[in-house]
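Work through the exercises below with the model open. Each task is followed by its solution.

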Amino acid sequence: MFETICDLILRDQDYPPRARALDILKRVLDGTFYDVLPNQFHEERGAGGEYIPLRDRRPSVRYALSRIVVEDSVSLLFSEGHFPTIDCADRALRATLADIVKEARLNQVMTEAAIRGSIGSVAILMRVLRGRVFFSVLDTTWLTPVWDREAPDTLASITETYKVSGTFLAAGGYDIADPTGEYWFSRTWDNQNETWFLPQPTGCADQPQIDDARSARHGLGFVPIVWIRNLPGLSATGDANDGACTFRAAIETQIEIDYQLSQAGRGLKYSSDPTLLIKEPATTDNEIVKGAGNALVVSEKGDAKLLEIGGTASAAVIEYVRCLREYALESVHGNRASADRLTAAQSGRALELMNQGLIWLADNLRISYGEGALLQLARMILRASNVYRLKVMEQEIGALDPTARLSLKWPRWYPSTAEDRQRDAQTLATLIASGQISRETAVKSIADTYDIEDVPAELARISNSRKNVRKGV
(Lines give C-alpha, C1' and ligand atoms only; values in the text may rest on other atoms or scores of the structure.)
Protein backbone atom coordinates (compact mmCIF):
# COMPACT_ATOMS: atom_id res chain seq x y z
CA MET A 1 0.00 0.00 0.00
CA PHE A 2 2.89 2.36 0.77
CA GLU A 3 4.37 1.98 -2.70
CA THR A 4 0.90 2.31 -4.26
CA ILE A 5 0.36 5.69 -2.63
CA CYS A 6 3.93 6.78 -3.41
CA ASP A 7 3.25 6.17 -7.12
CA LEU A 8 0.43 8.73 -6.95
CA ILE A 9 2.82 11.47 -5.80
CA LEU A 10 3.96 13.36 -8.88
CA ARG A 11 7.61 13.04 -9.78
CA ASP A 12 9.48 16.24 -10.60
CA GLN A 13 12.31 15.23 -12.89
CA ASP A 14 14.18 18.45 -12.08
CA TYR A 15 14.86 17.18 -8.56
CA PRO A 16 17.17 14.25 -7.70
CA PRO A 17 15.66 10.99 -6.37
CA ARG A 18 16.97 11.88 -2.89
CA ALA A 19 14.69 14.93 -2.73
CA ARG A 20 11.64 12.83 -3.60
CA ALA A 21 12.48 10.18 -1.00
CA LEU A 22 12.87 12.81 1.74
CA ASP A 23 9.66 14.54 0.65
CA ILE A 24 7.68 11.28 0.99
CA LEU A 25 9.09 10.59 4.45
CA LYS A 26 8.29 14.16 5.46
CA ARG A 27 4.67 13.64 4.37
CA VAL A 28 4.44 10.55 6.59
CA LEU A 29 5.86 12.48 9.54
CA ASP A 30 3.58 15.52 9.27
CA GLY A 31 0.43 13.53 8.39
CA THR A 32 -0.08 14.70 4.78
CA PHE A 33 0.85 11.40 3.13
CA TYR A 34 -2.77 10.53 2.25
CA ASP A 35 -3.54 13.94 0.71
CA VAL A 36 -2.83 12.60 -2.79
CA LEU A 37 -5.75 10.15 -2.56
CA PRO A 38 -8.76 11.67 -4.35
CA ASN A 39 -11.64 10.37 -2.21
CA GLN A 40 -12.76 10.44 1.41
CA PHE A 41 -13.16 7.09 3.14
CA HIS A 42 -16.97 7.29 3.27
CA GLU A 43 -17.19 7.84 -0.50
CA GLU A 44 -17.90 4.29 -1.69
CA ARG A 45 -19.36 5.23 -5.08
CA GLY A 46 -18.18 7.69 -7.68
CA ALA A 47 -20.29 10.20 -9.60
CA GLY A 48 -21.11 7.50 -12.19
CA GLY A 49 -22.04 4.88 -9.61
CA GLU A 50 -18.75 2.97 -9.93
CA TYR A 51 -17.22 1.40 -6.83
CA ILE A 52 -14.20 3.24 -5.36
CA PRO A 53 -11.57 0.78 -4.07
CA LEU A 54 -10.10 1.29 -0.61
CA ARG A 55 -6.67 2.13 -2.01
CA ASP A 56 -8.16 5.29 -3.57
CA ARG A 57 -9.71 6.51 -0.32
CA ARG A 58 -8.13 8.44 2.54
CA PRO A 59 -8.51 6.61 5.85
CA SER A 60 -10.88 8.33 8.25
CA VAL A 61 -8.80 7.32 11.28
CA ARG A 62 -5.16 8.38 11.50
CA TYR A 63 -2.89 6.82 14.11
CA ALA A 64 0.30 8.91 13.93
CA LEU A 65 2.58 6.12 15.09
CA SER A 66 5.64 7.51 13.32
CA ARG A 67 5.19 10.94 14.88
CA ILE A 68 4.66 9.38 18.32
CA VAL A 69 7.92 7.41 18.13
CA VAL A 70 9.85 10.46 16.96
CA GLU A 71 8.48 12.78 19.64
CA ASP A 72 8.96 10.18 22.40
CA SER A 73 12.60 9.66 21.46
CA VAL A 74 13.27 13.40 21.12
CA SER A 75 11.67 14.05 24.51
CA LEU A 76 14.33 11.77 26.04
CA LEU A 77 16.96 13.60 24.04
CA PHE A 78 16.34 17.35 24.36
CA SER A 79 13.38 17.99 26.65
CA GLU A 80 13.79 20.42 29.55
CA GLY A 81 14.83 17.66 31.93
CA HIS A 82 17.13 15.87 29.48
CA PHE A 83 19.05 18.65 27.73
CA PRO A 84 22.81 18.23 28.30
CA THR A 85 25.16 20.85 29.72
CA ILE A 86 28.35 21.85 27.92
CA ASP A 87 31.27 21.16 30.22
CA CYS A 88 34.92 22.23 30.11
CA ALA A 89 37.78 22.91 32.53
CA ASP A 90 37.44 26.72 32.28
CA ARG A 91 34.70 27.81 34.68
CA ALA A 92 34.17 31.20 32.99
CA LEU A 93 33.92 29.62 29.54
CA ARG A 94 31.43 27.07 30.83
CA ALA A 95 29.22 29.82 32.24
CA THR A 96 29.44 31.85 29.01
CA LEU A 97 28.40 28.90 26.87
CA ALA A 98 25.49 28.18 29.23
CA ASP A 99 24.29 31.78 28.83
CA ILE A 100 24.56 31.57 25.03
CA VAL A 101 22.57 28.32 25.02
CA LYS A 102 19.79 30.00 27.00
CA GLU A 103 19.74 33.25 25.04
CA ALA A 104 19.82 31.53 21.63
CA ARG A 105 17.12 29.06 22.74
CA LEU A 106 19.34 26.24 21.57
CA ASN A 107 17.17 23.76 23.45
CA GLN A 108 14.21 24.58 21.20
CA VAL A 109 16.37 24.60 18.07
CA MET A 110 17.83 21.16 18.79
CA THR A 111 14.38 19.75 19.55
CA GLU A 112 13.06 21.01 16.20
CA ALA A 113 16.15 19.71 14.42
CA ALA A 114 15.80 16.22 15.92
CA ILE A 115 12.12 16.00 14.93
CA ARG A 116 12.64 17.27 11.38
CA GLY A 117 15.85 15.30 10.97
CA SER A 118 14.12 12.00 11.79
CA ILE A 119 13.49 11.53 8.06
CA GLY A 120 17.24 11.12 7.48
CA SER A 121 19.11 14.40 7.89
CA VAL A 122 18.82 18.02 8.94
CA ALA A 123 21.05 21.12 9.01
CA ILE A 124 21.45 23.95 11.52
CA LEU A 125 22.57 27.40 10.39
CA MET A 126 24.45 29.75 12.72
CA ARG A 127 24.31 33.52 12.18
CA VAL A 128 25.90 36.41 14.08
CA LEU A 129 23.74 39.54 13.92
CA ARG A 130 24.72 42.66 15.87
CA GLY A 131 26.94 40.58 18.07
CA ARG A 132 24.25 38.06 19.02
CA VAL A 133 24.28 34.38 18.01
CA PHE A 134 21.21 32.93 16.28
CA PHE A 135 20.44 29.40 15.11
CA SER A 136 17.84 28.17 12.62
CA VAL A 137 16.93 24.74 11.25
CA LEU A 138 17.26 24.08 7.51
CA ASP A 139 15.38 21.42 5.55
CA THR A 140 17.98 19.25 3.79
CA THR A 141 15.54 18.17 1.07
CA TRP A 142 16.72 21.04 -1.11
CA LEU A 143 20.31 21.25 0.17
CA THR A 144 23.38 19.86 -1.58
CA PRO A 145 26.54 19.65 0.55
CA VAL A 146 30.10 19.61 -0.78
CA TRP A 147 32.71 18.13 1.56
CA ASP A 148 36.37 19.01 1.85
CA ARG A 149 38.42 16.34 0.08
CA GLU A 150 41.18 16.46 2.68
CA ALA A 151 38.75 16.62 5.61
CA PRO A 152 35.67 14.54 4.71
CA ASP A 153 33.87 15.61 7.90
CA THR A 154 34.21 19.33 7.08
CA LEU A 155 31.86 21.22 4.77
CA ALA A 156 33.38 23.11 1.86
CA SER A 157 30.05 24.61 0.74
CA ILE A 158 26.30 24.05 0.76
CA THR A 159 23.86 25.04 -1.97
CA GLU A 160 20.11 25.40 -1.49
CA THR A 161 17.95 25.17 -4.64
CA TYR A 162 14.20 24.73 -5.00
CA LYS A 163 11.24 25.89 -7.06
CA VAL A 164 8.93 28.65 -5.90
CA SER A 165 5.99 30.50 -7.40
CA GLY A 166 6.34 33.98 -8.81
CA THR A 167 3.55 35.21 -6.55
CA PHE A 168 5.48 34.15 -3.46
CA LEU A 169 8.64 35.88 -4.70
CA ALA A 170 6.75 39.06 -5.53
CA ALA A 171 5.35 39.09 -1.97
CA GLY A 172 8.93 38.80 -0.71
CA GLY A 173 10.01 41.96 -2.51
CA TYR A 174 11.42 40.53 -5.73
CA ASP A 175 10.76 42.23 -9.07
CA ILE A 176 9.12 39.36 -10.97
CA ALA A 177 8.16 39.71 -14.63
CA ASP A 178 5.62 36.85 -14.58
CA PRO A 179 4.03 36.27 -11.14
CA THR A 180 2.11 33.27 -12.52
CA GLY A 181 5.30 31.44 -13.49
CA GLU A 182 7.62 29.16 -11.57
CA TYR A 183 11.18 30.11 -10.63
CA TRP A 184 14.33 28.58 -9.22
CA PHE A 185 15.46 30.07 -5.91
CA SER A 186 19.04 29.37 -4.81
CA ARG A 187 21.70 30.50 -2.36
CA THR A 188 25.11 29.17 -1.36
CA TRP A 189 27.19 29.19 1.81
CA ASP A 190 30.98 28.78 1.81
CA ASN A 191 33.69 29.56 4.35
CA GLN A 192 33.54 33.30 3.66
CA ASN A 193 30.23 34.28 2.10
CA GLU A 194 26.49 33.70 2.02
CA THR A 195 25.63 34.25 -1.64
CA TRP A 196 22.06 34.74 -2.85
CA PHE A 197 21.09 34.50 -6.52
CA LEU A 198 18.31 36.27 -8.37
CA PRO A 199 15.31 33.98 -9.07
CA GLN A 200 15.46 32.42 -12.49
CA PRO A 201 12.57 30.99 -14.58
CA THR A 202 12.56 27.19 -14.51
CA GLY A 203 12.96 26.94 -18.27
CA CYS A 204 16.00 29.23 -18.41
CA ALA A 205 19.41 27.59 -18.84
CA ASP A 206 21.50 30.72 -18.21
CA GLN A 207 23.82 31.04 -15.24
CA PRO A 208 21.97 32.73 -12.35
CA GLN A 209 23.08 36.22 -11.39
CA ILE A 210 24.23 37.11 -7.89
CA ASP A 211 21.79 39.11 -5.78
CA ASP A 212 24.16 41.70 -4.32
CA ALA A 213 21.47 43.28 -2.16
CA ARG A 214 20.81 40.10 -0.20
CA SER A 215 24.25 38.47 -0.31
CA ALA A 216 26.53 38.94 2.70
CA ARG A 217 30.08 38.19 3.79
CA HIS A 218 30.40 36.44 7.15
CA GLY A 219 34.19 35.96 7.05
CA LEU A 220 34.15 33.17 9.66
CA GLY A 221 36.62 30.95 7.82
CA PHE A 222 34.22 27.98 7.94
CA VAL A 223 30.79 27.12 6.63
CA PRO A 224 28.40 28.21 9.44
CA ILE A 225 26.21 25.12 9.06
CA VAL A 226 26.18 21.80 10.87
CA TRP A 227 25.01 18.85 8.77
CA ILE A 228 23.43 16.10 10.89
CA ARG A 229 22.89 12.51 9.75
CA ASN A 230 20.03 11.10 11.78
CA LEU A 231 20.97 7.51 12.68
CA PRO A 232 23.72 5.10 11.67
CA GLY A 233 22.69 2.42 9.24
CA LEU A 234 21.23 2.15 5.77
CA SER A 235 20.05 5.51 4.46
CA ALA A 236 16.37 5.65 3.52
CA THR A 237 17.28 7.74 0.46
CA GLY A 238 20.28 5.74 -0.70
CA ASP A 239 22.45 8.86 -0.36
CA ALA A 240 25.53 8.95 1.87
CA ASN A 241 24.58 12.44 3.08
CA ASP A 242 21.55 11.03 4.91
CA GLY A 243 21.31 8.69 7.86
CA ALA A 244 18.68 6.08 8.54
CA CYS A 245 15.08 7.21 9.04
CA THR A 246 13.78 6.78 12.59
CA PHE A 247 10.37 5.41 11.59
CA ARG A 248 10.89 3.85 8.14
CA ALA A 249 10.41 0.26 9.36
CA ALA A 250 6.94 1.07 10.74
CA ILE A 251 5.39 2.93 7.80
CA GLU A 252 3.67 -0.06 6.15
CA THR A 253 2.27 -1.22 9.48
CA GLN A 254 1.06 2.30 10.28
CA ILE A 255 -0.87 2.40 6.99
CA GLU A 256 -2.41 -1.01 7.76
CA ILE A 257 -3.49 0.27 11.20
CA ASP A 258 -5.09 3.37 9.67
CA TYR A 259 -7.16 1.37 7.19
CA GLN A 260 -8.14 -1.33 9.68
CA LEU A 261 -9.35 1.25 12.19
CA SER A 262 -11.18 3.10 9.42
CA GLN A 263 -12.92 -0.13 8.39
CA ALA A 264 -13.83 -0.83 12.02
CA GLY A 265 -15.33 2.64 12.31
CA ARG A 266 -17.25 2.05 9.11
CA GLY A 267 -18.65 -1.17 10.57
CA LEU A 268 -19.75 0.56 13.77
CA LYS A 269 -21.54 3.27 11.81
CA TYR A 270 -23.31 0.59 9.77
CA SER A 271 -24.37 -1.24 12.93
CA SER A 272 -26.15 1.89 14.16
CA ASP A 273 -28.04 2.20 10.85
CA PRO A 274 -28.16 -1.20 9.08
CA THR A 275 -29.60 -1.80 5.62
CA LEU A 276 -33.30 -2.72 5.41
CA LEU A 277 -34.17 -5.76 3.24
CA ILE A 278 -37.77 -6.21 2.02
CA LYS A 279 -38.57 -9.56 0.43
CA GLU A 280 -41.64 -8.27 -1.40
CA PRO A 281 -42.76 -4.68 -2.07
CA ALA A 282 -44.69 -2.95 0.69
CA THR A 283 -48.43 -2.47 0.24
CA THR A 284 -48.04 1.28 0.75
CA ASP A 285 -46.60 3.72 -1.74
CA ASN A 286 -45.36 6.07 0.97
CA GLU A 287 -41.66 6.75 1.41
CA ILE A 288 -40.03 4.22 3.71
CA VAL A 289 -38.75 5.82 6.90
CA LYS A 290 -36.75 3.56 9.16
CA GLY A 291 -37.34 3.77 12.90
CA ALA A 292 -39.11 2.11 15.83
CA GLY A 293 -42.17 4.30 15.38
CA ASN A 294 -42.66 3.43 11.72
CA ALA A 295 -44.11 0.03 10.75
CA LEU A 296 -43.71 -1.60 7.35
CA VAL A 297 -46.73 -3.36 5.88
CA VAL A 298 -45.82 -6.15 3.46
CA SER A 299 -47.86 -8.80 1.63
CA GLU A 300 -48.95 -12.04 3.29
CA LYS A 301 -45.91 -13.94 2.11
CA GLY A 302 -43.56 -10.98 2.32
CA ASP A 303 -40.84 -10.31 4.83
CA ALA A 304 -38.71 -7.39 6.04
CA LYS A 305 -35.51 -7.55 8.08
CA LEU A 306 -32.46 -5.49 8.96
CA LEU A 307 -29.12 -6.75 7.63
CA GLU A 308 -27.21 -6.51 10.89
CA ILE A 309 -23.64 -7.60 11.55
CA GLY A 310 -22.17 -9.10 14.70
CA GLY A 311 -19.82 -7.22 17.03
CA THR A 312 -17.14 -9.90 17.00
CA ALA A 313 -15.57 -8.46 13.85
CA SER A 314 -14.89 -5.10 15.51
CA ALA A 315 -13.32 -6.79 18.52
CA ALA A 316 -11.11 -8.85 16.22
CA VAL A 317 -9.98 -5.73 14.39
CA ILE A 318 -9.05 -3.97 17.64
CA GLU A 319 -7.04 -6.98 18.77
CA TYR A 320 -5.34 -7.17 15.36
CA VAL A 321 -4.47 -3.45 15.51
CA ARG A 322 -3.07 -3.89 19.01
CA CYS A 323 -0.74 -6.61 17.73
CA LEU A 324 0.27 -4.48 14.75
CA ARG A 325 1.10 -1.60 17.07
CA GLU A 326 3.30 -3.83 19.23
CA TYR A 327 5.19 -5.15 16.21
CA ALA A 328 5.63 -1.69 14.69
CA LEU A 329 6.93 -0.16 17.92
CA GLU A 330 9.29 -3.08 18.39
CA SER A 331 10.67 -2.63 14.87
CA VAL A 332 11.54 1.04 15.48
CA HIS A 333 12.43 0.71 19.19
CA GLY A 334 9.44 2.74 20.37
CA ASN A 335 7.85 2.87 23.80
CA ARG A 336 5.68 -0.25 24.26
CA ALA A 337 5.03 0.26 27.98
CA SER A 338 1.42 0.45 29.07
CA ALA A 339 0.35 2.69 31.96
CA ASP A 340 -2.29 0.09 32.89
CA ARG A 341 0.43 -2.34 33.88
CA LEU A 342 2.05 -0.01 36.40
CA THR A 343 0.69 -0.86 39.84
CA ALA A 344 2.99 1.39 41.87
CA ALA A 345 5.65 4.08 41.55
CA GLN A 346 8.70 2.70 39.81
CA SER A 347 12.33 3.62 40.35
CA GLY A 348 14.29 5.33 37.60
CA ARG A 349 16.21 2.12 36.94
CA ALA A 350 12.98 0.11 36.65
CA LEU A 351 11.62 2.59 34.10
CA GLU A 352 14.84 2.33 32.11
CA LEU A 353 14.54 -1.44 31.90
CA MET A 354 10.88 -1.22 30.93
CA ASN A 355 11.61 1.27 28.12
CA GLN A 356 14.93 -0.21 27.05
CA GLY A 357 14.07 -0.05 23.34
CA LEU A 358 13.19 3.64 23.42
CA ILE A 359 16.32 4.42 25.45
CA TRP A 360 18.43 2.53 22.91
CA LEU A 361 16.98 4.75 20.19
CA ALA A 362 17.53 7.97 22.16
CA ASP A 363 21.06 6.84 23.05
CA ASN A 364 21.94 6.53 19.36
CA LEU A 365 20.39 9.94 18.70
CA ARG A 366 22.67 11.39 21.38
CA ILE A 367 25.63 10.51 19.18
CA SER A 368 24.24 12.27 16.10
CA TYR A 369 22.62 15.32 17.69
CA GLY A 370 24.75 15.65 20.81
CA GLU A 371 28.35 14.68 20.19
CA GLY A 372 28.07 15.27 16.45
CA ALA A 373 25.98 18.48 16.34
CA LEU A 374 25.65 20.29 19.67
CA LEU A 375 29.37 20.17 20.40
CA GLN A 376 30.12 21.29 16.84
CA LEU A 377 27.82 24.29 17.28
CA ALA A 378 29.60 25.15 20.53
CA ARG A 379 32.99 25.05 18.78
CA MET A 380 31.61 27.28 16.02
CA ILE A 381 30.65 29.81 18.71
CA LEU A 382 34.19 29.76 20.08
CA ARG A 383 35.64 30.39 16.63
CA ALA A 384 33.09 33.11 15.83
CA SER A 385 34.05 34.99 19.03
CA ASN A 386 37.50 35.53 17.55
CA VAL A 387 35.96 37.18 14.46
CA TYR A 388 33.06 39.17 15.98
CA ARG A 389 32.56 40.91 19.30
CA LEU A 390 29.82 38.75 20.73
CA LYS A 391 27.21 39.88 23.22
CA VAL A 392 25.48 37.61 25.72
CA MET A 393 22.74 38.84 28.04
CA GLU A 394 23.48 42.40 26.82
CA GLN A 395 27.10 42.04 27.94
CA GLU A 396 30.06 41.92 25.57
CA ILE A 397 32.38 38.95 25.93
CA GLY A 398 35.95 38.69 24.79
CA ALA A 399 37.48 36.20 22.43
CA LEU A 400 36.96 32.64 23.62
CA ASP A 401 39.55 29.88 23.39
CA PRO A 402 38.75 27.89 20.21
CA THR A 403 41.03 25.05 21.35
CA ALA A 404 39.17 24.44 24.62
CA ARG A 405 38.18 20.83 25.14
CA LEU A 406 34.41 20.57 25.40
CA SER A 407 32.24 17.69 26.48
CA LEU A 408 28.56 17.05 27.22
CA LYS A 409 27.05 16.05 30.55
CA TRP A 410 23.82 14.17 30.02
CA PRO A 411 21.26 13.81 32.83
CA ARG A 412 19.65 10.54 33.80
CA TRP A 413 17.01 9.08 31.54
CA TYR A 414 14.36 9.19 34.26
CA PRO A 415 14.12 11.23 37.50
CA SER A 416 15.34 9.51 40.61
CA THR A 417 12.91 8.52 43.34
CA ALA A 418 13.54 9.29 47.00
CA GLU A 419 14.90 5.76 47.47
CA ASP A 420 17.26 6.21 44.50
CA ARG A 421 18.57 9.50 45.90
CA GLN A 422 19.09 7.98 49.33
CA ARG A 423 21.12 5.10 47.90
CA ASP A 424 23.17 7.55 45.82
CA ALA A 425 23.89 9.69 48.88
CA GLN A 426 25.04 6.68 50.89
CA THR A 427 27.26 5.46 48.07
CA LEU A 428 28.86 8.87 47.49
CA ALA A 429 29.44 9.40 51.22
CA THR A 430 31.19 6.03 51.42
CA LEU A 431 33.38 6.78 48.39
CA ILE A 432 34.36 10.21 49.71
CA ALA A 433 35.15 8.85 53.18
CA SER A 434 37.36 6.12 51.68
CA GLY A 435 39.18 8.64 49.50
CA GLN A 436 38.21 7.01 46.22
CA ILE A 437 36.57 10.12 44.74
CA SER A 438 36.76 13.84 45.50
CA ARG A 439 33.93 15.96 46.87
CA GLU A 440 33.86 17.88 43.58
CA THR A 441 33.32 14.68 41.60
CA ALA A 442 30.53 13.68 43.97
CA VAL A 443 28.75 17.01 43.56
CA LYS A 444 29.14 16.80 39.78
CA SER A 445 27.49 13.38 39.73
CA ILE A 446 24.35 14.73 41.43
CA ALA A 447 24.35 18.21 39.86
CA ASP A 448 21.55 17.41 37.41
CA THR A 449 19.39 15.73 40.04
CA TYR A 450 19.48 18.75 42.35
CA ASP A 451 19.66 21.42 39.63
CA ILE A 452 23.20 22.57 40.51
CA GLU A 453 24.39 24.74 37.61
CA ASP A 454 27.71 25.92 39.11
CA VAL A 455 29.60 23.11 40.87
CA PRO A 456 32.54 25.25 42.16
CA ALA A 457 30.11 27.79 43.61
CA GLU A 458 28.17 25.00 45.28
CA LEU A 459 31.39 23.60 46.80
CA ALA A 460 32.20 27.07 48.12
CA ARG A 461 28.77 27.33 49.74
CA ILE A 462 29.22 23.88 51.30
CA SER A 463 32.57 24.95 52.72
CA ASN A 464 31.11 28.16 54.17
CA SER A 465 28.22 26.23 55.71
CA ARG A 466 30.66 23.88 57.44
CA LYS A 467 32.68 26.77 58.79
CA ASN A 468 29.56 28.43 60.16
CA VAL A 469 28.52 25.18 61.84
CA ARG A 470 31.90 24.88 63.53
CA LYS A 471 31.66 28.47 64.72
CA GLY A 472 28.19 27.82 66.04
CA VAL A 473 26.59 30.38 63.76
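**Exercise 1. Contact range and overall make-up**

Find what share of the contacts between residues at least 6 apart in sequence join residues at least 24 apart.

Solution. The model is predicted. Take the contacts in the protein between residues at least 6 apart in sequence; 63% of them join residues at least 24 apart. Next, count the secondary structure: 13 helices and 17 strands. Finally, check burial. Of the 473 residues in the protein, 39% are buried.

**Exercise 2. A strand pair**

Determine how strands β4 and β5 run and how many bridges join them.

Solution. Locate β4 at residues 121-129 and β5 at residues 132-138. The two strands run antiparallel, with 7 bridges between them. Now look at the connection. It is a hairpin, with 2 residues between β4 and β5. One turn residue, Arg 130, has a positive phi of about 55°. Leu 129 faces Arg 132 of β5.

**Exercise 3. A helix pair**

Classify the packing of helices α5 and α10 by axis angle, handedness and residue class.

Solution. Two packed helices are described by the angle and the distance between their axes. Start there. Helix α5 spans residues 106-116, and helix α10 spans residues 356-384. Their axes come within 12 Å and cross at roughly 140°. Angles over 145 degrees would count as roughly antiparallel. α5 and α10 are therefore oblique to each other. The crossing of α5 past α10 is right-handed.

Then list the contact residues. From α5 come Leu 106, Met 110, Ala 113 and Ala 114; they meet Tyr 369, Ala 373, Leu 374 and Leu 377 of α10. Sorted by class, this contact has 8 nonpolar residues, no polar and no charged ones.

Conventions:
Residues are numbered from 1 along each chain as its sequence is written. This is a predicted model: local features need pLDDT of at least 70, side-chain atom pairs count only at pLDDT 80 or more; totals for chains, interfaces and linings use all residues. Side-chain values use heavy atoms; hydrogens and water are left out. Two strands pair if DSSP finds at least two bridges between them. Helices (H or I, at least four residues) and strands (E, at least two) are DSSP runs, numbered from the N terminus. Axes are lines fitted to C-alpha atoms, for helices over the stretch in contact, and angles run from 0 to 180 degrees between N-to-C directions. Angles under 35 degrees count as roughly parallel, over 145 as roughly antiparallel, 65 to 115 as roughly perpendicular and the rest as oblique. A crossing is left-handed if the near helix is turned anticlockwise from the far one by less than a right angle, and right-handed if clockwise. Contact means heavy atoms within 4.5 Å. Ala, Val, Leu, Ile, Met, Phe, Trp, Tyr, Cys and Pro count as nonpolar, Asp, Glu, Lys and Arg as charged, and the others, Gly among them, as polar. Buried means under 20% relative accessible area, exposed over 50%, partly exposed in between (1.4 Å probe, protein chains only).
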